[in-house]
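Please open the model in your viewer and keep a selection tool at hand. The tour below moves from one selection to the next and says what is found at each stop.

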Amino acid sequence: MEKLRIIFMGTPEFAVGILNTIVKNNFEVVGVITAADKPAGRGQKIKYSAVKEYALEHNLTLLQPTNLKDENFLSELKALNANVQVVVAFRMLPEVVWRMTKYGTFNLHASLLPNYRGAAPINWAIINGETKTGVTTFFIDDKIDTGAMILSKEIEIGSNENAGSLHDRLMELGCGTVVETLQLIEKGDVATHIQTDNPNIKTAYKLNKENCKIDFEKSGEEIYNLIRGLSPYPSAWCYIKDGQQEWNVKIYEASLSSESHNYGIGSLLSTKKEMKIAVKNGFINLISLQFPGKKRMSAAELLNGISFSDNAKAL
């Protein structure tokens, strides 16, 4: 089998870990494709993707197309003379791109496919209370995350784990899985498994303001899972209302106490050091949160500068 010449496609920090492992395992990366630069933050300064930062630091050939069907981009891509493409947390590719290389184009997805196809698999696995997840490599086809699977590796989800720590562990698991996949391709020893659909497949929907908002009518366990599944980013949120004041509050860390009580759903109980919200079967104890115009802080720190009445409520 001829030596692999790899094009890597990815954008966020998760992809950087995989790219770095490919480079450190002495595979030849002939090109890196990442998102175009865009303004970000209050100052709207141009921000490079994490993958671009890595590519520049390691002097890797870099392309940043805005249109993946653009003839100039396709010519540049073909000129790199790659024979396999690796995709991690990028965008949907047109057929002209994913069919370009001799040994195909494979994707690393952070779930045990066919479950959690879509944009936010790490978050939704925790939000839905899963006890295990994993990573899957598969050859890309014309749909999203539906191609023939190559390797699948499983990992347990801790009962109190958040999306941030699971992200890091899945990135580590993904590093080894991508290298193993490349080794199989290099040896000509790939055996694939076709994904089979069923009515119970769960989807990793794109996160938005609506599905990140806490619904206090849900069970304490569902609320707790939402908070840890969205922490540290983009974070679960709710309104806290006290008299005429109302704040949009991000909740990063909490714990769940299961106990009977007579408080109304959403009632906010606070002391000088603690804040908790009444839910159906107990209390959500707030540990780390952020009020508008303030930095993220502990509940105790927040309560140094603000107090709530007995009528305060989370909505």
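A residue is called buried when its relative accessible area is under 20%, exposed when that area is over 50%, and partly exposed in between. The model is a predicted one, and every value quoted on this tour is to be read with that in mind.

Begin by selecting Lys3, which is exposed at a relative accessible area of 53%, and add Glu28, which counts as partly exposed at 28%. Their side chains meet in a salt bridge with an N to O distance of 3.9 Å. Because Glu28 lies in strand S2 (residues 28–33) and Lys3 in the segment before strand S1 (5–10), the pair ties together parts that are 25 residues apart in sequence. If Arg5 is now added to the selection, a network of salt bridges linking Lys3, Arg5 and Glu28 comes into view.

Next, select Asp37 and Lys52, whose side chains form a salt bridge of 2.8 Å, N to O. Asp37 sits in the loop between S2 and strand S3 (38–40) and Lys52 in helix H2 (residues 50–57), so this pair joins parts 15 residues apart in sequence. Asp37 is partly exposed, with a relative accessible area of 29%, whereas Lys52 is buried at 7%.

Move on to Arg117 and Asp197, where a salt bridge of 2.9 Å, N to O, connects the two side chains. Arg117 belongs to strand S8 (residues 117–118) and Asp197 to the loop between helix H6 (163–187) and S11, so the pair ties together parts that are 80 residues apart in sequence. Here Arg117 is buried at 15%, while Asp197 is exposed at 59%. In total, the structure holds 11 salt bridges.

Turn now to the surface and select Ile46, Tyr48 and Leu56, which make a nonpolar patch of about 290 Å². Ile46 is placed in strand S4 (residues 45–47) and counts as exposed at 55% relative accessibility.

For a charged counterpart, select Asp215, Glu217, Glu221 and Glu222, which form a negative surface patch. Asp215 is found in the loop between strand S11 (203–204) and helix H7 (220–229), and it counts as partly exposed at 37% relative accessibility.

Finish with the cysteines: how many disulfides does the structure hold? There are 0 disulfides. Select Cys238, which is buried at 0% relative accessibility; the closest cysteine sulfur, in Cys212, is 13 Å from its own sulfur, too far for a bond. Cys175 is buried as well, with a relative accessible area of 11%.

Key:
Residues numbered from 1 in each chain as written. Predicted model: local features only at pLDDT ≥ 70, side-chain atom pairs only at ≥ 80, totals over all residues. Heavy atoms only, no water. Patch = residues over 30% accessible without salt bridge, like charges linked within 9 Å, V, L, I, M, F, W, Y side chains within 5 Å. Areas by Shrake-Rupley, 256 points an atom, 1.4 Å probe, with all protein chains shown as cover. Salt bridge = Lys/Arg side-chain N within 4 Å of Asp/Glu carboxyl O. Lys, Arg positive; Asp, Glu negative; His and termini not counted. Charge placed at Lys NZ, Arg CZ, Asp CG, Glu CD. Helix = DSSP H or I, 4+ residues; strand = E, 2+ residues; numbered from the N terminus. Buried < 20%, exposed > 50% of the residue type's maximum accessible area, 1.4 Å probe, protein only. Disulfide = S-S within 2.5 Å.
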